[in-house]
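Visitor: Please take one part of this model and go through it closely, then place it in the rest of the chain. Give the cut-off for each term when you use it.

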Amino acid sequence: MINVVIAGFRGAMGQATVQTVRNQADMKLVAVFDPHATTADMTQLPDDVALWTTDVDVTAADVWIDFTTVEAAYHNAVLAIQHGIHPIIGTSGLTPQQQQELQQQAVTAHLGGLIVPNFGLSAVLLMKFAQEAAQYFPDAEVIEYHHGDKPDAPSGTASATAHLIAKSRQNAPQPTVHNEARGADIDDVPVHAVRLPGLLAHEEVLFGGSGELLTIRQDTMDRSSFMTGVLLATRKVATLNELQIGLDKVL
Ligand SMILES: NC(=O)C1=CN([C@@H]2O[C@H](COP(=O)(O)OP(=O)(O)OC[C@H]3O[C@@H](n4cnc5c(N)ncnc54)[C@H](OP(=O)(O)O)[C@@H]3O)[C@@H](O)[C@H]2O)C=CC1
Ligand SMILES: O=C(O)C1=N[C@H](C(=O)O)C[C@H](O)C1
């Protein structure tokens, strides 16, 4: 049995994850973590699910699934690692430095974990294909589209895609003139963020070559698409011996 704690259980992703975990025969939701929650927020959950509101409450679980905010996620991951709970961080927006610090803490604690920019298979494949395309088309731009409630920009997926493109391309790209209208500069990859009601989560990568264009696009229509990846990560995270980045590490 895999004992799971979910942080951010009242949010859109947290609620979907609570339902999904509770439907698995090999998983048990032992607790939810939210410093702002009260027992009144627990009405939908069975009596044997604990509410953890402070770090001293945190006791025993195998896996910590985090869908919170960028302000909370780093602290939550530290807490999980300190208590020997494998972290699966779905929350976006951790800086490369924060990710490296957490990786170092996991090494010290001899604990595996995952930081997952996107649990959806279409986005995981988009990142893989973008990495491959960047070897042949060094000139690339990322456009991500999300629902209007998303507070962070660019998305975690777009940042990860830009890092992977930069790592993969060997030739220097054409120099880009940077001004506000050219998007954020992530590893010399321009990244553009669109926020509109009606959207959920979508990403395009445009590669330009001499007289040709390649466009790779993925569309997330429903949050259920993330749940297969969440379950896969929950089942496999204990097999990792460090804090890895990307769902592909357990595919
Ligand atoms: N990796 C992936 O595939 C995906 C990642 N995400 C990411 O997941 C995160 C959450 O998204 P979403 O569910 O849409 O956002 P929501 O705003 O719906 O939910 C966030 C929740 O986090 C809670 N929260 C805030 N601070 C803490 C804390 N310190 N400890 C525990 N809970 C806390 C909030 O509760 P309160 O009201 O009390 O503040 C809220 O319920 C975002 O970063 C998003 O980008 C989203 C989709 C897929
Ligand atoms: O906030 C969201 O909705 C999403 N966040 C993640 C991100 O920032 O990349 C994953 C997905 O795009 C949905």
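Guide: The shell around ligand 1 divides by class into eleven nonpolar, 13 polar and two charged residues. Here Ala, Val, Leu, Ile, Met, Phe, Trp, Tyr, Cys and Pro count as nonpolar, Asp, Glu, Lys and Arg as charged, and the others, Gly among them, as polar. This is a predicted model, in which local features need pLDDT of at least 70 and side-chain atom pairs count only at pLDDT 80 or more, while totals for chains, interfaces and linings use all residues. Residues are numbered from 1 along each chain as its sequence is written, and chains are lettered from A and ligands numbered from 1 in the order in which they are written.

Ligand 1 is surrounded by 26 residues, and the closest are Gly-8, Gly-11, Met-13, His-36 and Ala-72. A residue is near a molecule or strand if its C-beta atom, placed from the backbone, lies within 6 Å of it. Two helices, helix 1 (12–22) and helix 2 (70–82), supply at least two residues each to this shell; helix 1 gives the most, three. Helices (H or I, at least four residues) and strands (E, at least two) are DSSP runs, numbered from the N terminus.

Both helices belong with an open sheet of seven strands, in the order 3-2-1-4-5-6-12 and with parallel pairing. Two strands pair if DSSP finds at least two bridges between them. The edges are strand 3 (50–52) and strand 12 (243–245); each has a single partner strand, so one side of each is left without a neighbour in the sheet. Neighbouring strands here are turned by 25° against each other on average, direction ignored. Axes are lines fitted to C-alpha atoms, for helices over the stretch in contact, and angles run from 0 to 180 degrees between N-to-C directions. At the strand 12 edge, three bridges join it to strand 6 (residues 113–115), the two running parallel, and Leu-114 stands opposite Gln-244.

Helix 1 lies across strand 1 (2–7), strand 2 (27–33) and strand 4 (63–66), and runs at about 165° to strand 1. Helix 2 touches strand 1, strand 2, strand 4 and strand 5 (86–89) as it packs on the sheet, and its direction makes about 160° with that of strand 5. Two residues are in contact if their C-beta atoms, placed from the backbone, lie within 7 Å.

Helix 2 also has a helical neighbour. Two packed helices are described by the angle between their axes and the distance between the axes. For helix 2 and helix 3 (residues 96–109), the axes come within 10 Å and cross at roughly 5°. That makes helix 2 roughly parallel to helix 3, a class that takes angles under 35 degrees, with over 145 being roughly antiparallel, 65 to 115 roughly perpendicular and the rest oblique. Helix 2 makes the contact with Tyr-74, Ala-77, Val-78 and Ile-81, and helix 3 with Gln-98, Leu-102, Gln-105, Ala-106 and Ala-109. Seven of these contact residues are nonpolar, two are polar and none is charged. In the loop between helix 3 and strand 6 sits His-110, which has a positive phi of about 55° although it is not a glycine. Most residues other than glycine have a negative phi, and most peptide bonds are trans.

The second ligand has its own surroundings. Around ligand 2 are Ser-92, Pro-117, Asn-118, His-146, Lys-150, Ser-155, Gly-156, Thr-157 and Ala-201, by class two nonpolar, six polar and one charged. The peptide bond from Ala-153 to Pro-154 is cis, with omega near 0°, and Pro-154 lies in the loop between strand 7 and helix 5 (156–168).

Strand 7 is part of another open sheet, of five strands in the order 8-9-7-10-11 with mixed pairing. Five bridges join strand 7 (residues 139–146) to strand 9 (residues 189–195) in parallel, with Val-142 opposite Val-191. Eight bridges link strand 7 to strand 10, antiparallel, and Ala-140 has Phe-207 as its bridge partner. Strand 10 and strand 11 run antiparallel and share nine bridges; in their hairpin, which has two residues between the strands, Gly-211 takes a positive phi near 70°.

In total, the protein chain comes to six helices and twelve strands. Its radius of gyration, 19 Å, is close to the 18 Å that the globule rule gives for 251 residues, so the chain is as compact as a globular protein of that length. The radius is taken over C-alpha atoms, and the rule is 2.2 Å times the number of residues to the power 0.38.
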